[in-house]
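Welcome! Take a moment to turn the structure around on your screen, and then let us walk through some of its features together.

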Amino acid sequence: MKIVVADDSRAMRMIVVRTLRQAGLGGHEILEAEDGREALDLVGRHVPDLILSDWNMPGLSGIQLLSTLRARGDGTPFCFVTSEGSEDMREQAAAAGALGLIAKPFTAEVFLDLLSPVMT
Amino acid sequence: MSVPDDLEDERVGLETLLADVLRATFGAEPVVLPLGLPALDLTVAVGADDAATNGPDAAAAAPPAFGLLAISDEPSGLLGVQVRLPGRLAHALAVRMFASDAPTADDLLDAVGELTNILGGNVKALLFTRSAPARLSLPSATLGRPGGAPAARHAAPASRNGALVTAGGGSTPTTICALVLGDVAELTLIPHVQGGDVVWPPLLGSAALEGQP
């Protein structure tokens, strides 16, 4: 499957990909985006099966990316990977149509629990 | 909760937060240092040979790295979040995050910026749980000179996002220190800072979507 990983930190994009592998969810085609706008472009061109996105990004934030996709009728499974894990943020994520929110720092177990239903 | 004037009441929670984030990001057990312990002296006492990750000599001599961001809770103001890592610790962080033995200066800035982002997000969740409008800025990171003034750090040419946070208003900063991999990491919260050139992510519904197909 194709997975878009959007984060303005290159280190974090690498960590997300590494954690997928550690969770036994590796071996997929990864498309990296530096912000929401680039992710939106990748989604339009590659039709991914899953989007893992940071929330706070310059240009187009993660929540703007998700809202734009859903407004277009794009229901690609979408999960936030963000440093903010408050209940407020989780409620906003769910209301906007996200599969869930993984708070940094995270473990491979959290990835497995949340993502395995849409990756296996 | 709005930006507090005195964060000492939150010290225990902040110590736990710093230890949890350092444990996860460095893969090593941190030790939170007692309030008032001179961090510099302790770093020297531990010594370079005891560090779990001995980087190249250049890493030990490298200048400290600083991360900065702000949490906005209008109208009460901004809470500044500053992270300071000795050069060797910043190098160890980049080595771990990038899985590379020879991280570049850009890698160090990215790694320190991301650590700052993680700490800032967790600080926001800890202190602003009943304040939905609170916002987290994008992080910035600089490589400063040992003993340099704050202005010199901010003026460092290699920075990520170019954000600035300058203290003002006379509020007392709260600093939490933790020993990890033989060096001391510092987390400082500064109430009522001035925003300067802090970079904020766009708000939902802002003009950022204009021009999108």
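Pro105(A) sits in the loop that joins β5 (100–103) to α5 (108–119) of chain A. The peptide bond leading into Pro105(A) from Lys104(A) is cis, and its omega is near -5°. Please keep in mind as you look that this is a predicted model.

Another loop of chain A, the one between α2 (36–46) and β3, holds Val47(A). Although Val47(A) is not a glycine, its phi is positive, at about 50°. Is Val47(A) buried or exposed? Its relative accessibility is 61%, so Val47(A) counts as exposed.

Chain B offers a similar case to look at. Ala99(B) has a phi near 50°, which is a positive value in a residue other than glycine. You will find Ala99(B) in the loop between α4 (87–98) and α5 (105–127) of chain B. With a relative accessibility of 60%, Ala99(B) counts as exposed because the cut-off for that class is over 50%.

Now let us step back to chain A as a whole. Chain A contains 5 helices and 5 strands, and from the N terminus on they follow the order β-α-β-α-β-α-β-α-β-α. The radius of gyration of chain A is 13 Å, close to the 14 Å given by the globule rule for 120 residues, so chain A is as compact as a globular protein of that length. Along the principal axes, the C-alpha atoms of chain A fill a box of roughly 35 × 35 × 25 Å.

Charges are part of the picture too. Chain A carries 11 positive and 17 negative side chains, and the centres of these two sets lie 5 Å apart.

How many aromatic pairs are there over all chains? The count comes to 3 aromatic pairs. One of them is formed by Trp55(A) and Phe80(A), a tilted pair with 4.5 Å from centre to centre and 35° between the planes. This pair links distant parts of the chain, 25 residues apart: Trp55(A) belongs to the loop between β3 (50–53) and α3 (62–71) of chain A, while Phe80(A) belongs to strand β4 (residues 78–82) of chain A. Trp55(A) counts as buried at 6% relative accessibility, and Phe80(A) is buried as well, with a relative accessible area of 0%. Phe106(A) and Phe111(A) make another tilted pair, 4.8 Å centre to centre with 45° between the planes. Here Phe106(A) is buried with a relative accessible area of 15%, and Phe111(A) counts as buried at 0% relative accessibility. Ring pairs also link Trp55(A), Phe78(A) and Phe80(A) into a cluster.

Chain B has its own layout, with 6 helices and 7 strands. Read along the sequence, its pattern is α-β-α-α-β-β-α-α-β-β-α-β-β.

The table sets some values for the two chains side by side.

| Chain | Buried residues | Contacts joining residues 24 or more apart, among those 6 or more apart | Exposed area | Share of that area from carbon and sulfur |
|---|---|---|---|---|
| Chain A | 55% of 120 residues | 63% of contacts | about 4600 Å² | 50% of the area |
| Chain B | 51% of 213 residues | 71% of contacts | about 9100 Å² | 56% of the area |

To finish, you might go back to the cis bond from Lys104(A) to Pro105(A) and then find the ring cluster of Trp55(A), Phe78(A) and Phe80(A).

Definitions and conventions. Residues numbered from 1 in each chain as written. Chains lettered and ligands numbered in written order. Predicted model: local features only at pLDDT ≥ 70, side-chain atom pairs only at ≥ 80, totals over all residues. Heavy atoms only, no water. Helix = DSSP H or I, 4+ residues; strand = E, 2+ residues; numbered from the N terminus. Rg over C-alpha atoms; globule rule 2.2 N^0.38 Å. Buried < 20%, exposed > 50% of the residue type's maximum accessible area, 1.4 Å probe, protein only. Contact = heavy atoms within 4.5 Å. Areas by Shrake-Rupley, 256 points an atom, 1.4 Å probe, with all protein chains shown as cover. Lys, Arg positive; Asp, Glu negative; His and termini not counted. Charge placed at Lys NZ, Arg CZ, Asp CG, Glu CD. Phe/Tyr/Trp six-rings, centres within 6.5 Å; stacked < 30°, edge-to-face > 60°.
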